[in-house]
Protein chains: 2
Amino acid sequence: MLPSELRSNIRNGKHQTHTSGYCQDYVQTNLVVLPKEYAFDFLLFTIRNSKACPIVEVLEAGQFESRYAEGSDIRTDIPMYHVYEDGHLVEKKTRIDDVWREDFVTFLIGCSFTFESQLIKGEIPLRHIEENKNVAMYTTNIQTEKAGVFQGPTVVSMRPIPDHLVQKATDITSLFPKMHGAPVHIGDPGEIGIEDITKPDYGDFVGIMDGETPMFWACGVTPQAVAIHAKIPYMITHAPGCMFVMDWKNEEYLNEGE
Amino acid sequence: MLPSELRSNIRNGKHQTHTSGYCQDYVQTNLVVLPKEYAFDFLLFTIRNSKACPIVEVLEAGQFESRYAEGSDIRTDIPMYHVYEDGHLVEKKTRIDDVWREDFVTFLIGCSFTFESQLIKGEIPLRHIEENKNVAMYTTNIQTEKAGVFQGPTVVSMRPIPDHLVQKATDITSLFPKMHGAPVHIGDPGEIGIEDITKPDYGDFVGIMDGETPMFWACGVTPQAVAIHAKIPYMITHAPGCMFVMDWKNEEYLNEGE
């Protein structure tokens, strides 16, 4: 299926579930929509924490068509949105054109689907994908670099990797600094403040077998978590797993460099 | 001389001229100070045009000490400032602490001094430096990518390079995408809209001899030019050649990658 077809199906209510596994060759992104008043601080935060927050595209105030997705409408082309007021989730919506404002700035942030497609091509097994689960994510003791009202801990995703493939997984992901890049930690979860690896803060734990090492990468949930923590009066995000799909292929994006 | 000494001399009125040739191993930056109201658009502009506008540091609203220059004060540590109102140069000042506002956001942008130090180490002769002149800069027909109120043509700097060193100069500068990167054009000035190469829009023409090729790089004057063009009500920049000197060495910065 082409991304334009998937977006159209979502817009028309024909596709109402997550986007994982759809349009696998294409870039999928996280969504954060904020009033322009907070846009400078948030953009600066993403620059200062680019490993966790790789910006794919910024839509200026009031704009809702991605330049990398012709005919798209960011207000209707995601299966499920979460609306936050003062840091609290107040509503889940299937479209946001009815609450859209001219001062809304949209941030499209790199998501691990793009990242994982390269690991799979490198023949690194990813158990959460094999088991059709969400990746396990943890709040750590690694602080982000503050910008304005935005601050807080880095959220990481964890993937159990066979010991003999740890170096290969490091090498592959190091090639893509714009897409989380090299792991932020390998091995003992306690060293980055994770007390119980079996209880992720988000997503599903899929076990760590004998002969496997937990590998941790900076996670695109980080900017959402800090924005919630900052208690922004009004913010909209995608619902977990329900991403925005672009017309841009993963490989084009990953090869873009700077 | 250490950067801290130079900054102190500038602050105390002992150094009142340009900074070219001083503290040559250290990063020098261009300065743009804008009211926060315009900071998001400007930051987005620099991201979209990172070749011309490599951001070294952003100081949040009201802040005036660089994190890469201990004890510095951005309001007093530059020899000469230019104040613009509605796009017009209205005043030249040796310090700006008397006009400082809590809503001023400071952008420190990469300058060609850093860039040129690598060319010189690569034994590429740079005539404007040998003759102690300012590099020649030209407005081109290459449009920047617009962000909010900021738009306009790319300004380039031109250096005449011996034909047999053109490839080497390209290779060296390509290594540093955060510092203007590879040339945007090599050869015929007419192709990028420069009608008379002997008449630069800024700086000094130093001739192009037989056996030399003009090479053009995106120039850090671009963001200033577009900010002036946008007729921002109030803006402060450094005066040409009068840069902010950091404690950070060129090589540390250039090796920073992303």
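What rotation superposes chain A on chain B? Let's start there and then work inwards.

## How the two copies pair up

This is a predicted model, and its two chains match up neatly: turn chain A by 180°, with 0.0 Å of shift along the axis, and it superposes on chain B with an RMSD of 0.0 Å. The two copies are thus related as by a two-fold rotation axis. In general, two copies of a chain are related by a rotation about an axis and a shift along it.

Want a landmark for that axis? Look for Phe40(A): of the residues of chain A, its C-alpha comes closest to the axis, at 2.1 Å.

## Where the chains touch

Now for the meeting place itself. Here 13 residues of chain A are in contact with 13 residues of chain B. Helix α2(A) gives the largest share of chain A's side, with four residues. By type, the residues on that side split into seven nonpolar, three polar and three charged.

Does each copy use its own patch or a shared one, and what tells us? The copies meet through the same surface, because 100% of the interface residues of chain A are also interface residues in chain B.

## Inside one chain

Let's zoom in on chain A. It is built from seven helices and eleven strands. Its C-alpha atoms fill a box of roughly 50 × 40 × 35 Å along the principal axes. For 258 residues, a compact globule would have a radius of gyration near 18 Å, and chain A, at 17 Å, agrees with that.

How much of the chain is buried? The share is 44% of the 258 residues. The fold also brings together residues from far along the sequence: among contacts between residues at least 6 apart, 78% join residues at least 24 apart.

## Two domains in chain A

Chain A is assigned two domains. Domain 1 comes in pieces, 3-13 + 28-112 + 223-254, while domain 2 covers 126-220. Their centres, taken over C-alpha atoms, are 23 Å apart.

The domains also touch each other: 24 residues from domain 1 of chain A and 22 residues from domain 2 of chain A take part in the contact. On the domain 1 side, the elements giving two or more residues are α2 (39-48), β5 (104-110) and α6 (221-229) of chain A. That side of domain 1 has 15 nonpolar, six polar and three charged residues.

So keep an eye on α2 of chain A as you turn the model: it gives residues to the side of domain 1 that touches domain 2, and α2(A) also gives four residues to the side that touches chain B.

Definitions and conventions:
Residues are numbered from 1 along each chain as its sequence is written. Chains are lettered from A and ligands numbered from 1 in the order in which they are written. This is a predicted model: local features need pLDDT of at least 70, side-chain atom pairs count only at pLDDT 80 or more; totals for chains, interfaces and linings use all residues. The radius of gyration is taken over C-alpha atoms; the globule rule is 2.2 Å times the number of residues to the power 0.38. A residue is buried if 20 or more other C-beta atoms lie within 10 Å of its own, exposed if 12 or fewer, and partly exposed in between; C-beta atoms are placed from the backbone. Two residues are in contact if their C-beta atoms, placed from the backbone, lie within 7 Å. Domain bounds come from an automatic or database domain assignment. Ala, Val, Leu, Ile, Met, Phe, Trp, Tyr, Cys and Pro count as nonpolar, Asp, Glu, Lys and Arg as charged, and the others, Gly among them, as polar. Copies are superposed by least squares on the C-alpha atoms of residues with pLDDT of at least 70 in both.
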